[in-house]
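User: I am new to reading protein models and would like to work through one step by step. Could you take my questions in turn and explain the reasoning behind each answer?

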Amino acid sequence: MKQLTSYNRTAGYLNKIFDLLNAEFFENTLSRPTITIQSTPKAYGHFTLREDTWVSTIGSTHEINIGAGTLSRPIENVVATLLHEMIHYYNYENGVQDCSRGGTYHNKNFKREAEKRGLIVNKSEKYGYAHTEPADCLLDFVLNNGLTDILISRNEFFGFSVPPIGKITGTDFGSTAKKSSTRKYICPCCGMSIRATKEVRIMCMDCGEQMILESDLSNQMKKAG
């Protein structure tokens with residue numbers, strides 16, 4: 001697979017991940033919304049409750065947005081954000097109210113469905129059970145489907161943002177950024193890479209070389225340079 005360094009390729013990739021998550025965790029019951037990549041102030045993403053957020057000559061859809069400035073996080077965290085918003089979508093479709101206080105406070109209905117579907121849920125006083133991260137089964141899902149990091153992200157140093165349209169439920173940033181829950185190993189000869197959820201010793205069968213942690217390989221290259 002080519003590296004994800006363009007906007008158009010990334011947009012298509014997010015739709016692919018949606019389909020995979022839909023099959024794995026929702027029995028393909030969710031119709032595909034319009035997945036956008038826009039700036040989302042103080043959040044990783046959002047889901048719009050309006051069924052006509054996007055309209056065309058063949059119908060209308062909800063919107064799931066992934067924050068443009070957060071795309072280059074570890075792929076398991078981007079997947080967790082998309083899954084978080086899909087849970088809001090699922091609850092909406094099934095008549096379950098999972099948020100209050102203008103769509104910002106996540107209640108126990110959200111927590112219950114999130115924990116069923118591969119998310120670890122943490123509570124805060126302001127946002128309720130809004131803070132989510134990938135559980136082991138979601139990490140396995142990422143690895144089993146060969147999902148790779150997105151290598152493009154919007155430069156939001158100057159704080160540019162696009163206001164969301166309509167009432168939304170969103171994924172708040174929280175207090176700290178999460179580190180990757182997986183490790184990336186690279187063959188020092190051919191550059192082939194894999195991910196693992198724990199430290200492993202693994203060989204590249206094509207080159208006969210032991211694969212090296214990405215961080216270690218980067219340090220070796222800096223010293224050599």
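Analyst: The questions that follow concern a predicted model, and they deal with a sheet, a pair of helices and a pocket.

User: In which order do the three strands of the open sheet lie?

Analyst: Strand E11, residues 183–186, pairs with E15 in the antiparallel sense over two bridges, and four bridges join E11 to E12, again antiparallel. E12 and E15 (212–213) stand at the edges with a single partner strand each, so one side of each is left without a neighbour in the sheet. The order is therefore E12-E11-E15.

User: Which residue in E15 is the bridge partner of Ile186?

Analyst: Ile186 stands opposite Ser193 in E12, but the question concerns E15. There, Tyr185 stands opposite Leu213, while the bridge partner of Ile186 is Ile212.

User: Which residue in the turn of the hairpin has a positive phi?

Analyst: The hairpin is formed by E11 and E12, with six residues between these two strands. In the turn, a positive phi of about 85° belongs to Gly191.

User: Are H2 and H4 roughly parallel or roughly perpendicular to each other?

Analyst: Two packed helices are described by the angle between their axes and the distance between the axes. For helix H2 (residues 75–93) and H4, the axes come within 10 Å and cross at roughly 115°, and this crossing is right-handed. Since angles of 65 to 115 degrees count as roughly perpendicular, the two helices H2 and H4 are therefore roughly perpendicular.

User: Which element supplies the largest share of the lining of the largest pocket?

Analyst: The largest pocket holds about 420 Å³ of space, and of the 17 residues that line it, the closest to its centre are Leu147, Thr148, Asp149, Lys184 and Ser193. Helix H4 (136–144) and strand E12 (193–196) each supply at least two residues of this lining. The largest share, three residues, comes from E12.

User: How many residues of that lining are nonpolar?

Analyst: The residues that line the largest pocket divide into three groups, nonpolar, polar and charged. Five of them are polar and five are charged, while the number of nonpolar residues is seven.

Key
Residues are numbered from 1 along each chain as its sequence is written. This is a predicted model: local features need pLDDT of at least 70, side-chain atom pairs count only at pLDDT 80 or more; totals for chains, interfaces and linings use all residues. Side-chain values use heavy atoms; hydrogens and water are left out. On a 1 Å grid over the protein atoms alone, a cavity is a set of points where a 1.4 Å probe fits but cannot get out, and a pocket is an open set with protein on both sides within 12 Å along at least five of seven lines; lining residues have an atom within 4 Å of a point. Grid points are joined across faces, edges and corners, and a volume is the space filled by probe spheres set on the points. Ala, Val, Leu, Ile, Met, Phe, Trp, Tyr, Cys and Pro count as nonpolar, Asp, Glu, Lys and Arg as charged, and the others, Gly among them, as polar. Two strands pair if DSSP finds at least two bridges between them. Axes are lines fitted to C-alpha atoms, for helices over the stretch in contact, and angles run from 0 to 180 degrees between N-to-C directions. Angles under 35 degrees count as roughly parallel, over 145 as roughly antiparallel, 65 to 115 as roughly perpendicular and the rest as oblique. A crossing is left-handed if the near helix is turned anticlockwise from the far one by less than a right angle, and right-handed if clockwise.
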